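Here is a short briefing to read alongside the model. Have the viewer open, and feel free to jump between topics.

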Amino acid sequence: MAIEPPATQPEPPEPMLRTARELFDVLPPLPGFRVEVIEGNLLVSPVGSPEHSWRAADLHDALFPLRKERGWSGSPQGPSICIEGPRDSFSPDYVLTPPDCSRWGDELLSSGVIMAAEVVSPTSTLADRVTKPRLYALGRVPVYLLIDPIAEPPAVTVYSNIQDGKYCTTTSVALGKRIHLPSPIDFELDTSMIRV
């Protein structure tokens, strides 16, 4: 008498991923890579150079007195921000938040963030200079700080005063000068603390 193999259950079909955001939500961590969803596109890029990371860390150090005084949290290279509305996901080079910032899962909700900052690199110029200011404003991040060491001359720009989903006030100084971070921050940032 022959023994028949046990009947196997068919494998359930893999769920259909229809959007870049759905794929982003199921990706495992990718050490050494920055993963973002920008305007419906999944972008995977290597983490920046050591100098890139050091500039974000310099900003963190420059904001230390402010963070201590107000009880705010700051973090170079994370956590991610979920842009309310399109649900794009950004991994800013620096984020400043109140301790009770609202969340979307493990991401911070954009309207609860105080400031997002990006350090421009040769591969991020369009996203950092054009796309992210538009989307951070749409997500109601009150202040967007752009550190641009590759501009001629290197510069720091503050975007603020959101009206109709756009930043209406832009202030730039040469990297190394002081710049005012407006409400809700109201702080004079000494950018000489950020390496060129």
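**A nonpolar patch to start with**

On the surface, Leu 17, Leu 23 and Val 26 come together as a nonpolar patch, with about 250 Å² of accessible area together. Please keep in mind that this is a predicted model. Of the patch members, Leu 23 sits in helix H1 (residues 20-26), and its relative accessibility of 34% makes it partly exposed.

**The protein as a whole**

- The secondary structure comprises four helices and 14 strands.
- Along the principal axes, the C-alpha atoms fill a box of roughly 90 × 35 × 30 Å.
- The protein has 196 residues, and 43% of them are buried.
- About 10900 Å² of surface is exposed, with carbon and sulfur atoms supplying 57% of it.
- If you take the contacts between residues at least 6 apart in sequence, 49% of them join residues at least 24 apart.

**Helix H2 and its surroundings**

- Helix H2 covers residues 50-62; its 13 residues should span 18 Å at 1.5 Å a residue, and the end C-alpha atoms are indeed 18 Å apart. The expected figure counts one less than the number of residues, because that is how the span is defined.
- Which residues of H2 are buried? They are His 52, Arg 55, Ala 56, Asp 58, Leu 59, His 60 and Ala 62.
- These buried residues pack against one helix, H3 (64-70), and against strands S3 (73-76), S6 (94-97), S9, S10 (143-148) and S14 (187-190).

**Ser 110, a buried loop residue**

- Ser 110 lies in the loop between strand S8 (107-109) and strand S9 (115-119).
- Buried or exposed? Ser 110 has a relative accessible area of 0%, so it counts as buried.
- The Ser 110 side chain reaches the backbone oxygen of Gly 139 at 2.7 Å.
- Leaving aside residues up to four places away in sequence, Ser 110 touches Ile 81, Cys 82, Ile 83, Glu 84, Gly 139, Arg 140 and Val 141.

**Salt bridges**

- Across the whole structure, a search finds 14 salt bridges.
- Glu 22 pairs with Arg 18 in a salt bridge, with the closest N and O atoms 3.3 Å apart. Glu 22 is partly exposed at 24% relative accessibility, whereas Arg 18 is exposed at 67%.
- Asp 25 and Arg 21 form a salt bridge with their closest N and O atoms 2.9 Å apart. Why are these two about one helical turn apart? The answer is that they are four residues apart in helix H1.
- Within that pair, Asp 25 is partly exposed with a relative accessible area of 42%, while Arg 21 is buried with 7%.
- Glu 84 and Arg 140, both among the contacts of Ser 110, also form a salt bridge, and their closest N and O atoms are 3.7 Å apart. The pair links distant parts of the chain, 56 residues apart: Glu 84 is in the loop between strand S4 (81-82) and strand S5 (89-90), and Arg 140 is in the loop between helix H4 (125-138) and S10.
- Glu 84 counts as partly exposed at 22% relative accessibility, and Arg 140 is partly exposed with a relative accessible area of 46%.
- Arg 34, Glu 36, Asp 93, Glu 118, Asp 128 and Lys 132 are joined into one network by salt bridges that share partners.

**Backbone geometry to look at**

- Most residues other than glycine have a negative phi, and most peptide bonds are trans. The entries below depart from that pattern.
- The peptide bond from Glu 152 to Pro 153 is cis, with omega near -5°; Pro 153 is in the loop between S10 and strand S11 (155-163).
- Another cis peptide bond runs from Ser 183 to Pro 184, with omega near 10°; Pro 184 belongs to the loop between strand S13 (178-181) and S14.
- Arg 87 is not a glycine, yet its phi is positive, near 60°. Arg 87 lies in the loop between S4 and S5 and is partly exposed, with a relative accessible area of 28%.
- Asn 161 also has a positive phi, of about 60°, although it is not a glycine. Asn 161 is found in strand S11, and its 36% relative accessibility counts as partly exposed.

Note on methods
Residues are numbered from 1 along each chain as its sequence is written. This is a predicted model: local features need pLDDT of at least 70, side-chain atom pairs count only at pLDDT 80 or more; totals for chains, interfaces and linings use all residues. Side-chain values use heavy atoms; hydrogens and water are left out. Patches are made of residues with over 30% relative accessible area and no salt bridge: like charges are joined within 9 Å, nonpolar side chains (Val, Leu, Ile, Met, Phe, Trp, Tyr) within 5 Å. Accessible areas come from the Shrake-Rupley method with a 1.4 Å probe; for residues, only the protein chains shown count as cover. A salt bridge is a side-chain nitrogen of Lys or Arg within 4 Å of a carboxyl oxygen of Asp or Glu. Buried means under 20% relative accessible area, exposed over 50%, partly exposed in between (1.4 Å probe, protein chains only). A polar contact is a pair of N or O atoms within 3.5 Å; within protein, one must be able to donate a hydrogen and the other to accept it, and residues adjacent in sequence count only if both atoms are side-chain atoms. Contact means heavy atoms within 4.5 Å.
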